[in-house]
Amino acid sequence: MLESKKIREGLYWVGATDYSRRLFDALIPLPDGTSYNAYIVKGTEKTALIDSVDPDMADTLLDNIKGIERLDYIISNHAEQDHSGAIPAVLRVHPEAKVVTNPKGKGLLSSHLGIKEDRFITVADGETLDLGGRTLEFIYIPWVHWPETMATYLREDRVLFSCDLFGSHLATSGLYSSREEKVTEAVKRYYAEVMMPFRTIIRKHLAKLDGYQIDIIAPSHGPVHNEPAAVVAAHKEWVSDERKNTVLLPYISMHGSTLKMVDHLTDALCEEGIKVERFDLTVTDAGRYAVSLVDAATIVVATPSFLTGAHPHVVSAAFLANALRPKLRFGAVIGSYAWGTRMVEQVTDLLSGLKLDMMEPVLVKGDPRGDGFKALDALASEIKKRHKEDGIELS
Ligand SMILES: Cc1cc2nc3c(=O)[nH]c(=O)nc-3n(C[C@H](O)[C@H](O)[C@H](O)COP(=O)(O)O)c2cc1C
Ligand SMILES: [Fe+2]
Ligand SMILES: [Fe+2]
């Protein structure tokens, strides 16, 4: 095991860093690569491996644990393949090891990886496993972001192995987040992409975790948080109902008319003291868009009409916003059309899961002129009024 990846005596990071992976879930760009974190915990009697790595990097994990003669337990906090996919390879090298998970995890590991019944030990919420001088406590934290997700707490060392929760897609040479400038953005991006749809349940999990003394959070992606207070506080803010005086403005324009509307609305909102985050959907990175969704109060979707509805890139962005369940409060549709359109109905329908308070749309036939611009000014004032009424702190 690598000395540079030693957390404490008998406690090591043994995962795999993938500097060159560029896409996750076949959707989300990974500008900084990622890591699959696995950890070895040694007691005086037993040795446990916490999670594994993506199956593509199983050899790296096996290499990192080749000094382990007897492996008693493989703790599986989460059955998704980026953490469980190398468990079969570890079991081949260590036929003595048992896979420790909860009943839901067992079901998923059986169906996804074909792990046999007799290899499992299932644990209940709060159950412990004694390694000899070191105790692992299993804490159920379902739906971050699958139904079986749990965390493992190493009591004596006050280390929380939180799996995807508190993770980040950030490949680094060092072990700890306190030395990484990019970590705050990377953790927020990870929260936005993976955790945001489960905001309400995470709020409960954070309260549950408040009951534990935690010196180190060791997640399954990105650097280890050796000063965990900041990352926990940031999550508490993101899952709260506090919204920012910000308008998210995703847009497409084929021939420039909708773009003129977007430009005008941007200026009008700035005049009202409202921050605007614009996304040209021809080039938008879905991760950055998700980050902006974390705390904005309002979304204004701007689209030309395209074969009756909205432009396909806009449809996709509206679908993603709806699926990620951000705490947006207000919405509107603006755009240009030529002869007749149902784009407002379509976008409103796509966003319906968010239960937004929708404002009057602004539609312009062809190129926007006086009345269209006036309507956009009125929309900007209306947004300011709604933000104020909703108690959002105006900048
Ligand atoms: C492929 C394509 C499909 C279109 N479909 C419609 C439509 O169904 N209904 C409509 O009113 N206009 C339709 N239009 C016209 C545009 O919506 C209209 O020209 C608008 O002003 C374009 O705005 P833009 O300059 O922001 O791209 C279509 C245009 C294109 C290029
Ligand atoms: Fe996951
Ligand atoms: Fe993951």
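**A short tour of a two-domain model**

Let's start with one residue, Ser178: it counts as partly exposed because it has 14 C-beta neighbours inside 10 Å. To be called buried it would need 20 or more, and to be called exposed 12 or fewer. Before I go on, please keep in mind that this is a predicted model.

So where does Ser178 sit? You'll find Ser178 in the loop between β15 and α5. Leaving aside residues up to four places away in sequence, Ser178 touches Asn226 and Glu227. If you want to see how far the chain travels, look from Ser178 to His205: they are 27 residues apart along the chain, and their C-alpha atoms are separated by 24 Å.

Now, that loop begins after β15, and β15 belongs to a sheet. The sheet is open, has five strands with mixed pairing, and runs in the order β12-β13-β14-β15-β16. Which strands are at the edges? They are β12, residues 128-130, and β16, residues 216-219, and each of them pairs on one side only. On average, neighbouring strands in this sheet are turned by 20° against each other, with direction ignored.

For those of you new to this, strands of a sheet pair through backbone hydrogen bonds, and they can do so parallel or antiparallel. Here is one pair to find on screen: β14, residues 150-154, and β15, residues 159-163, run antiparallel and are joined by three bridges. One partnership to click on is Thr152, whose bridge partner in β15 is Phe161.

Let's zoom out. The protein chain is divided into domain 1, residues 3-239, and domain 2, residues 247-382. Taken over C-alpha atoms, the centres of the two domains are 38 Å apart. How many residues of each are in contact? Twelve from domain 1 meet 13 from domain 2. On the domain 1 side, β5 (28-29) and α5 (183-195) each supply at least two residues, and α5 gives the largest share, five residues. That side of domain 1 is made of eight nonpolar, four charged and no polar residues.

Next, a helix that has plenty of company: α9, residues 286-293. This helix is mostly covered, with six of its eight residues buried. The buried ones are Gly287, Tyr289, Ala290, Val291, Ser292 and Leu293. What covers them? The cover includes β5 and α5, which we just met, along with β17 (244-251), β18 (275-280), β19 (296-302) and α10 (312-324).

Our last stop is ligand 1. There are 19 residues around it, and those that come nearest are Met254, His255, Ser257, Thr258 and Pro304. The elements giving two or more residues to this shell are α8 (257-271), β20 (305-306) and β22 (330-337). Of these, α8 gives the most, with three residues. What about the chemistry of the shell? By class, it holds eight nonpolar and eleven polar residues, and no charged ones.

While we're on α8, have a look at Asp267, which is found in that helix. Asp267 has 15 C-beta neighbours inside 10 Å, so it counts as partly exposed, just by the kind of counting we used at the start. From Asp267 to Glu193 the C-alpha distance is 29 Å, and the two are 74 residues apart in sequence.

That's the tour, so please turn the model around yourselves and ask away!

How values were computed:
Residues numbered from 1 in each chain as written. Chains lettered and ligands numbered in written order. Predicted model: local features only at pLDDT ≥ 70, side-chain atom pairs only at ≥ 80, totals over all residues. Near = placed C-beta within 6 Å. Helix = DSSP H or I, 4+ residues; strand = E, 2+ residues; numbered from the N terminus. Nonpolar A, V, L, I, M, F, W, Y, C, P; charged D, E, K, R; others polar. Domains from an automatic or database assignment. Contact = placed C-beta atoms within 7 Å. Pairing = 2+ DSSP bridges. Axes fitted to C-alpha atoms, helices over the stretch in contact; angles between N-to-C directions.
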